[in-house]
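Trainee: Got a minute to go through this one with me? I'd like to talk about the helix packing and the RNA.

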Amino acid sequence: MGKKLYITTAIPYVNGTPHIGHALGYLLADIWARYQKQNGKEVRFQVGTDEHGNKIAAKAAELGMTPKDYTDKMYGNFEMMMKKIGAQYTDFIRTTEPHHEGAVQYIWQKLQPYIYKGSYEGWYCVGHEAFFTDKEVEATGGICEDHQKPYERVSEENYYLKTSAFTDQIREAITTGHMEIVPEFRKNEFLELIKDGLQDVSISRPRKNLSWGIPVPGDPDQVMYVWLDALSNYITVLGYPDRAGWEEYWPADVQVIGKDILRFHAGIWPAMLLGLELPLPKKLMVHGFINVGGVKQSKSLGNGVDPNQIIDEYGVDAFRYFFSRHIPTLDDGDFTWEKFENAYNNELGNDLGNLVSRVASMVSRYQSGVIGDAPKGDHDMKPYYDAMHDLKFNVAMEEIWDSVRGLNKYIEMVKPWEIAKRREADPEAEAHLGEVLNQSVGTLLQVAEQLTPLLPSTAESIKRIFASGVIVPIETVGGLFPKVYLHSEDPRAPKTASAPEK
RNA sequence: CGCGGGGUGGAGCAGUCUGGUCAGCUCGGAUGGCUCAUAACCAUCAGGUCGUAGGUUCGAAUCCUACCCCCGCAACCA
């Protein structure tokens with residue numbers, strides 16, 4: 001069985017609703033986890049929510065709720081999203097759990113040698129209860145637009161984590177690949193960023209400015225800021241430090257993160273681990289952002305796409321298909337309903353769904369549904385394995401479709417329906433037909449095998465139809481990607497130039 | 001000269017590290033074929049000076065130089 005594997009996802013801040021970006025992270029992690037499990041590994045797969053901080057406290061207050069009640073209500077949205085995507089996670093952590101809070105305080109204490117008190121000076125807005133950067137202050141002429149008050153020069157006491165002390169070790173780990181960052185251009189980007197060294201990071205706030213958070217041990221006036229609290233989740237969820245078993249899983253094999261949080265996961269987080277004398281994660285898998293029609297999604301534009309809608313309208317595998325194949329796994333991608341529907345109807349419906357249907361139909365029609373010994377598919381699996389190994393799921397999907405298209409061509413070439421007609425006259429035709437159909441079934445079963453981590457329920461359906469020796473009618477497994485035209489015109493509709501039927 | 005990514009037929013992309021076998025794939029379009037199938041599938045065609053200008057080379061989308069344009073990042077939105 002080998003070493004037990006561990007994969008993590010970023011824990012989203014729960015003051016909003018889940019969007020495609022979150023969904024993408026879960027999906028990528030789930031594909032990896034399922035792939036490993038398919039290959040006999042034992043996998044632990046963490047997800048969770050980040051629930052502390054001012055924004056949450058403020059939002060809760062706005063709604064007349066306690067922060068705890070608010071997060072209790074909000075985290076469920078994310079849990080639902082994960083389930084809906086089919087993410088087979090093993091652990092769900094909330095940063096407000098007592099065990100986590102206690103563990104983080106332990107971590108703080110253990111990091112004492114690297115924590116020092118310093119003061120931070122900056123532009124503060126009383127209305128926001130927050131600091132603003134020089135640039136922002138300059139841009140507004142020194143007056144907060146929201147509150148019509150001048151920013152004040154304020155200094156406050158904070159604790160700092162001496163991440164700078166670990167610069168060399170971290171750089172070394174990255175360049176040697178002990179902590180791999182994929183894709184490579186992200187690695188280079190980060191190395192460039194820290195060429196002058198890591199900067200120490202502020203890890204606490206005065207209680208008066210941040211009430212909803214984990215108290216700093218031994219200093220009642222200070223509360224922990226996001227870093228130690230949130231990043232620690234990757235180990236506290238395993239039981240660190242007091243519950244047995246976490247060592248079997250740490251270091252993580254893969255940590256899935258978005259490109260925006262690479263700097264924290266490649267800088268602050270490793271510094272924490274080094275301070276705790278724990279090994280660094282083996283790999284940071286950095287995915288990109290999903291644009292909509294080439295435009296960045298944003299709340300102000302209101303152009304966000306709801307993953308729930310996609311799944312409700314087309315099914316979870318259609319969702320998994322588009323986002324694993326048409327969004328480059330390690331780079332930015334683009335979503336439009338037109339692209340999505342196109343991929344659904346052409347690739348899932350016409351290429352794969354129809355192929356399954358035609359093979360099943362021929363076996364039923366020519367062999368009364370009886371399947372002979374299907375030989376193993378003979379498509380070269382190496383490119384697929386390589387792609388999965390390199391975390392290029394979109395490339396793996398291309399490989400699978402190569403098989404699908406290949407089988408359609410093969411069928412077209414050998415024309416089983418013509419062989420069937422010759423059976424009366426030609427005694428060899430019967431056997432030949434059997435070979436052809438068995439070959440086809442074998443290829444489909446191989447496709448199903450490859451699809452297992454990517455489109456689990458589709459893979460399951462294909463196996464159910466063909467694996468038992470007798471064809472199981474497609475209808476009984478729910479059909480494979482029937483045509484759907486919700487967001488574009490149905491090309492099969494009668495072409496009425498201008499005559500609406502009444 | 002802040003850092004990074006990219007500019008390839010109507011659209012979306014691969015190929016660039018390891019120069020020639022690269023001008024390729026999918027969608028869209030046209031024509032034809034087939035009838036097992038989800039009005040599907042298969043074949044063929046339409047031609048893009050591979051951002052621009054130089055250079056290296058027997059030969060460059062692929063290497064070098066300069067320039068133009070687009071997009072991210074530079075701030076706790078994945």
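Mentor: Sure, we'll take two helix contacts and then the RNA surface, keeping in mind that this is a predicted model.

Trainee: Okay, at what angle do α6 and α10 cross?

Mentor: Roughly 110°, with the axes of α6 (residues 167–176) and α10 (residues 262–275) coming within 10 Å. Angles of 65 to 115 degrees count as roughly perpendicular, so that is what α6 is to α10.

Trainee: And is the crossing of α6 and α10 left-handed or right-handed?

Mentor: Right-handed.

Trainee: Which residues in α6 and α10 meet?

Mentor: From α6 you have Q169, I170 and I174, and across from them in α10 are A266, G267, P270, A271 and L274. By class, that contact of α6 with α10 has six nonpolar residues, two polar and no charged ones.

Trainee: What about α6 and α7, how do they cross?

Mentor: Their axes come within 11 Å, at roughly 160°. Anything over 145 counts as roughly antiparallel, so α6 gets that label relative to α7. The crossing there is left-handed.

Trainee: Which residues make the contact of α6 and α7?

Mentor: R171, I174 and T175 of α6, with K187, F190 and L191 of α7. The contact of α6 with α7 divides into three nonpolar, one polar and two charged residues.

Trainee: Switching topic: which residues come nearest to RNA strand B?

Mentor: H22, Y225, G353, N354 and L480, out of 45 residues around the strand.

Trainee: Of the strand's atoms within 4 Å of the protein, how many belong to sugar or phosphate?

Mentor: 64%, and the rest belong to bases.

Trainee: What distances do you get for side chains and phosphate oxygens of strand B?

Mentor: Take R365, which has a polar side-chain atom 3.0 Å from a phosphate oxygen of RNA strand B. For D351, an N or O atom in the side chain is 3.5 Å from a phosphate oxygen of the strand.

Trainee: And which residue has a side-chain N or O atom 3.2 Å from a base nitrogen?

Mentor: That's E412. As for elements, those giving two or more residues to the surface near strand B are α1 (20–38), α7 (184–193), α10, α13 (337–367), α15 (393–414) and α16 (416–422).

Trainee: Which one gives the most?

Mentor: α13, with 14 residues.

Trainee: Last one: how does the surface near strand B split by class?

Mentor: It has 13 nonpolar, 16 polar and 16 charged residues.

Definitions and conventions. Residues numbered from 1 in each chain as written. Chains lettered and ligands numbered in written order. Predicted model: local features only at pLDDT ≥ 70, side-chain atom pairs only at ≥ 80, totals over all residues. Heavy atoms only, no water. Axes fitted to C-alpha atoms, helices over the stretch in contact; angles between N-to-C directions. Helix = DSSP H or I, 4+ residues; strand = E, 2+ residues; numbered from the N terminus. Parallel < 35°, antiparallel > 145°, perpendicular 65-115°, else oblique. Left-handed = near helix turned anticlockwise from the far one by under 90°. Contact = heavy atoms within 4.5 Å. Nonpolar A, V, L, I, M, F, W, Y, C, P; charged D, E, K, R; others polar. Near = heavy atom within 4 Å. Polar contact = N/O pair within 3.5 Å; in protein donor to acceptor, adjacent residues only side chain to side chain.
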